[in-house]
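Please open the model in a viewer and keep the sequence panel visible. The tour below proceeds by selection, from the whole chain to individual elements.

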Amino acid sequence: MHFYPDERVALFIDGSNLYATAKTVGFDIDYKRLLGYFRKRARLIRAFYYTALLEDAEYSPIKPLIDWLGYNGYRVVTKPAKEFTDATGRRKVKGNMDIDLAIDAMQLAAELDHIVLFSGDGDFRSLVAAVQAKGRRVTVVSTLTTRPPMIADELRRQTDQFIDLADLRDEIGRDPSERRERPAPAPRESFEDFADI
């Protein structure tokens, strides 16, 4: 991984994409360690975290994280997610933050040397190309360790540098012992319940 100590860097985190990638790779992100990792390698100017939130939900499980990030060095960008029912009658949630992330990256590009994008979404290929056309370097963080890979091939080909999230586990992963112990759920039935069927 190539970073330079005097390089002005900003992180652009597609929250739902990073969450899904980390979950698939098998660890939780420690967002304090994530900032520390990049601060050691370059001049970290900004760290953005993008996520959509359900408007009407009384409690969102992501709310404590959003609050913590907002007070601990991240600029959190949210917008309301929309709930709808698809053609099969299933409830779906839509909350795409790609445009917000792309606009912020383009606006800030003139003040940066290097952009780090945490997403494997192929829709970001044109953003990466536009930032590169301004003479800025782009690193993309996602993973190839899954089948299929969570990074789109066209995005990986466009980026200047690719970092596999799995390779960052020891640097930015949350210590599993820090998780609160949760009791194991009681089994609903045992095999004995079906013995006479």
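A contact, as the word is used here, means heavy atoms within 4.5 Å. The model is a predicted one.

**The whole chain**

Begin with the entire protein chain in cartoon representation. The chain has 7 helices and 7 strands, arranged along the sequence as β-α-α-β-α-β-β-α-β-α-β-α-β-α. Of its 197 residues, 39% are buried. Among contacts with a separation of 6 or more, 68% are between residues 24 or more positions apart. With a surface displayed, the accessible area comes to about 12300 Å², and carbon and sulfur atoms contribute 49% of that.

Next, colour by pLDDT. The average for the protein chain is 86, and 84% of the residues score at least 70. Then select residues 180-197, where pLDDT stays under 50. For this segment the model has 1 contact beyond four places in sequence.

**Helix 1**

Select residues 15-25, which form helix 1. Which residues of helix 1 are buried? They are G15, N17, L18, T21, A22 and V25. These residues lie on the same side of helix 1 because they cover an arc of only 160° around the axis. Turn to the other side of helix 1 to find S16, Y19 and K23, which are exposed.

Now add the surroundings of the buried residues. Their cover includes strand 1 (8-14), helix 2 (31-39) and strand 2 (43-54). Strand 5, strand 6 and helix 7 (169-172) also belong to the cover of helix 1. Move on to G26, which follows helix 1 and has a positive phi, near 100°.

**Strand 6 and its neighbours**

Select residues 137-142, strand 6; this strand is mostly covered, with 5 of its 6 residues buried. Add residues 114-118, strand 5, which pairs with strand 6 in the parallel sense over 5 bridges. Within this pair, F118 stands opposite V141 of strand 6. The connection from strand 5 to strand 6 passes through helix 5 (residues 125-133), and this β-α-β crossover is right-handed.

Then add residues 161-164, strand 7. Strands 6 and 7 run parallel and are joined by 4 bridges. Here I163 of strand 7 is the bridge partner of V141. Between these two strands the chain passes through helix 6 (residues 153-158), again in a β-α-β crossover that is right-handed. Centring the view on V141 therefore shows F118 of strand 5 and I163 of strand 7 as its bridge partners, while in general the side chains of a regular strand alternate between the two faces of the sheet.

**Helix 5**

Return to helix 5 and display its side chains. Where do the buried residues lie around the axis of helix 5? The residues concerned are L127, V128, V131 and Q132. Viewed down the axis, they fall within an arc of 135°, so they line one face of helix 5. Their cover includes helix 4 (98-108), strand 5, strand 6 and helix 6. Select G135 next: this residue follows helix 5, and its phi is positive, near 85°.

**The loop before helix 6**

The last stop is P148, in the loop between strand 6 and helix 6. Display the backbone atoms of R147 and P148: the peptide bond from R147 to P148 is cis, with omega near 0°.

Definitions and conventions
Residues are numbered from 1 along each chain as its sequence is written. This is a predicted model: local features need pLDDT of at least 70, side-chain atom pairs count only at pLDDT 80 or more; totals for chains, interfaces and linings use all residues. Side-chain values use heavy atoms; hydrogens and water are left out. Buried means under 20% relative accessible area, exposed over 50%, partly exposed in between (1.4 Å probe, protein chains only). Accessible areas come from the Shrake-Rupley method with a 1.4 Å probe; for residues, only the protein chains shown count as cover. Two strands pair if DSSP finds at least two bridges between them. A crossover is right-handed if, with the strands pointing away from the viewer, the path from the first strand over the helix to the second runs clockwise. pLDDT is the predictor's confidence in each residue, from 0 to 100. The arc is that of the directions from the helix axis to the C-beta atoms.
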